[in-house]
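Work through the exercises below with the model open. Try each task before reading its solution.

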Amino acid sequence: MILLDTHILVWWVSGAQPLTSAMRKAIDAQLDGGRILVSSISAWEIAMLVAHGRIGLSMDVDRWLATVEQIEAVRFIPVDNEIGVKSCQLPGEFHKDPADRIIVATARQFAAPLLTADERILAYPHVQTICSG
């Protein structure tokens, strides 16, 4: 089981940015019978990025997300009360971006390595990450 940060999900599905070999290997290992988790906050982030013209998708955001949900290994994780609260109680020092906090709390809740290229998350010692090749 792995969790994808928002940008990694977009890069993987769209092929817009190459993934590191470690990321590609982690995703490929989950595609056959494993679990690729995505926080529902990523759906919000993607919709916001599209609405503000920061990214373009090959189809409208609703269809794009529905297509992603059809990938058998992918499971969107709702932001429930427990994850919401834990995002405010992360140990140590972590930045204030709410989406990043929710994604990190989700990774910790499921004890899943987080695939990310976000330097601030990679520097946070209280979550397991996969980045470099």
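**Exercise 1. The pocket lining**

Task: Sort the lining of the largest pocket by residue class.

Solution. The model is a predicted one. Begin with the nonpolar class: seven lining residues fall there. Six more are charged, and three are polar. Next, take the volume: the largest pocket holds about 300 Å³ of space. Its lining counts 16 residues, and those closest to the centre are Asp 5, Thr 6, His 7, Glu 45 and Leu 49.

**Exercise 2. Helices around the pocket**

Task: Find which helix gives the most residues to the lining of the largest pocket.

Solution. List the helices that supply at least two lining residues each: H1 (6-14), H3 (40-51) and H6 (98-110). Then rank them. H1 gives the most, with four residues.

**Exercise 3. Helix H1 and its end**

Task: Which residues of H1 are buried, and what is the sign of phi at the residue that follows the helix?

Solution. Apply the cut-off: buried means under 20% relative accessible area. In H1, that holds for Thr 6, Ile 8, Leu 9, Val 10 and Trp 12. Now step past the helix. Gly 15 follows H1, and its phi is positive, near 70°.

**Exercise 4. The surroundings of Asp 5**

Task: Decide whether Asp 5 is buried or exposed, then list its contacts beyond four places in sequence.

Solution. First, locate the residue: Asp 5 sits in the loop between strand E1 (2-4) and H1. Second, check its accessibility. The value is 2%, so Asp 5 counts as buried. Third, collect the contacts, skipping neighbours within four places in sequence. They are Asp 100, Ile 103, Leu 114, Leu 115, Thr 116, Asp 118 and Ile 121. Finally, take one of these partners, Ile 103. Asp 5 and Ile 103 are 98 residues apart along the chain, yet their C-alpha atoms are separated by 6.9 Å.

**Exercise 5. The whole fold**

Task: Why does the radius of gyration of the protein agree with that of a compact globule?

Solution. Start from the chain length, 133 residues. A compact globule of that length would have a radius of gyration near 14 Å; the protein has 14 Å, so the two agree. Add the extents: the C-alpha trace spans about 40 × 30 × 25 Å along its principal axes. Next, burial: 43% of the residues are buried. Then contacts: among those between residues at least 6 apart in sequence, 61% join residues at least 24 apart. The exposed surface is about 7200 Å², with 51% supplied by carbon and sulfur atoms. Close with the secondary structure. The protein has seven helices and five strands, and along the sequence they follow β-α-α-β-α-α-β-α-α-β-α-β.

Definitions and conventions: Residues are numbered from 1 along each chain as its sequence is written. This is a predicted model: local features need pLDDT of at least 70, side-chain atom pairs count only at pLDDT 80 or more; totals for chains, interfaces and linings use all residues. Side-chain values use heavy atoms; hydrogens and water are left out. On a 1 Å grid over the protein atoms alone, a cavity is a set of points where a 1.4 Å probe fits but cannot get out, and a pocket is an open set with protein on both sides within 12 Å along at least five of seven lines; lining residues have an atom within 4 Å of a point. Grid points are joined across faces, edges and corners, and a volume is the space filled by probe spheres set on the points. Ala, Val, Leu, Ile, Met, Phe, Trp, Tyr, Cys and Pro count as nonpolar, Asp, Glu, Lys and Arg as charged, and the others, Gly among them, as polar. The radius of gyration is taken over C-alpha atoms; the globule rule is 2.2 Å times the number of residues to the power 0.38. Buried means under 20% relative accessible area, exposed over 50%, partly exposed in between (1.4 Å probe, protein chains only). Contact means heavy atoms within 4.5 Å. Accessible areas come from the Shrake-Rupley method with a 1.4 Å probe; for residues, only the protein chains shown count as cover.
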